[in-house]
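The following note comments on a single chain, point by point. Please read it alongside the sequence and the model.

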Amino acid sequence: MELVKKYSEPELIILLKQHDQSAFGYLYDNYAGALLSIIKNIISDNEIANDVLQEVFMKIWRQADSYDQTKGRLFTWMLNIARNTSIDMIRSKQYQNSQKKPGALRNRI
């Protein structure tokens, strides 16, 4: 049986800014479900929602240094990334075209 490390939010933030992979894995395991729920409220297609979730976590990984604790909690920051990425997807011509032609977006991604 593996012992699962639990991180406090300040500890998790420090490790994410250092691009610690185990902390990122913990973040994914503990927050992916909640972020996917937010995404699915905006994007009804499950496959596209899952693609957006992956994009959200890539943005979190790349932008970890830009997180500022004084402006809000880590989850709120991630939620905003998920929300904005979802909205950007809906506004994209590629997504709009996929809604007209079934399967069109999946073939391009």
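Where is the place of Asp20? Asp20 lies in the loop between α1 and α2; the answer is developed in point 3.

1. Basis of the note. This is a predicted model, in which local features need pLDDT of at least 70 and side-chain atom pairs count only at pLDDT 80 or more, while totals for chains, interfaces and linings use all residues. Residues are numbered from 1 along each chain as its sequence is written, and side-chain values use heavy atoms, with hydrogens and water left out.

2. Overall organisation. The chain has six helices and zero strands, and its elements run α-α-α-α-α-α from the N terminus on. Helices (H or I, at least four residues) and strands (E, at least two) are DSSP runs, numbered from the N terminus. Of the 109 residues, 32% count as buried; buried means under 20% relative accessible area, exposed over 50%, and partly exposed in between, with a 1.4 Å probe and protein chains only. Among contacts with a separation of 6 or more, 55% are accounted for by residues 24 or more positions apart, a contact being heavy atoms within 4.5 Å.

3. The loop between α1 and α2. This loop follows α1 (9-17), precedes α2 (21-42) and contains His19. His19 has a positive phi of about 55° although it is not a glycine, and this value falls just after α1. With a relative accessible area of 31%, His19 is partly exposed. Asp20, in the same loop, counts as partly exposed because its relative accessibility is 24%. Leaving aside residues up to four places away in sequence, Asp20 touches Tyr7, Leu15 and Trp61. The C-alpha atoms of Asp20 and Trp61 are separated by 9.6 Å, although the two residues are 41 apart along the chain.

4. The buried side of α1. Leu12, Ile13, Leu15 and Leu16 are the buried residues of α1, and they pack against α2 and α4. As general background, an α-helix has 3.6 residues a turn, so residues three or four places apart point the same way.

5. Aromatic pairs. Rings of Phe, Tyr and Trp (its six-membered ring) pair if their centres lie within 6.5 Å; planes under 30 degrees apart count as stacked, over 60 as edge-to-face and the rest as tilted. By this rule the count comes to six aromatic pairs. In one of them, Phe24 and Trp61 have ring centres 5.0 Å apart and planes at 70°, so the pair is edge-to-face. The pair links distant parts of the chain, with Phe24 in helix α2 and Trp61 in helix α3 (residues 46-63), 37 residues apart. Phe24 is buried at a relative accessible area of 17%, whereas Trp61 counts as partly exposed at 23%. Phe24, Tyr28, Phe57 and Trp61 form one aromatic cluster.

6. Packing of α2 on α4. These helices pack at an angle of about 40°, with their axes 9 Å apart; axes are lines fitted to C-alpha atoms, for helices over the stretch in contact, and angles run from 0 to 180 degrees between N-to-C directions. That makes α2 oblique to α4. Angles under 35 degrees count as roughly parallel, over 145 as roughly antiparallel, 65 to 115 as roughly perpendicular and the rest as oblique. On the α2 side the contact includes Leu27, Tyr31 and Ile42, and on the α4 side Leu74, Arg83 and Ile90. By class, the contact of α2 with α4 has 14 nonpolar, one polar and one charged residues. Here Ala, Val, Leu, Ile, Met, Phe, Trp, Tyr, Cys and Pro count as nonpolar, Asp, Glu, Lys and Arg as charged, and the others, Gly among them, as polar.

7. Packing of α3 on α4. This pair packs at an angle of about 130°, with axes 9 Å apart, and α3 is therefore oblique to α4. Contributors from α3 include Val52, Glu55 and Lys59, and those from α4 include Trp77, Thr85 and Ser86. By class, the contact of α3 with α4 has nine nonpolar, three polar and two charged residues.

8. Ser86. Ser86 sits in helix α4 (residues 74-91) and counts as buried because its relative accessibility is 0%. Not counting residues up to four places away in sequence, Ser86 touches Ile39, Ile42, Ile43 and Val52. Ser86 belongs to the contact of α4 with α2 and also to the contact of α4 with α3.
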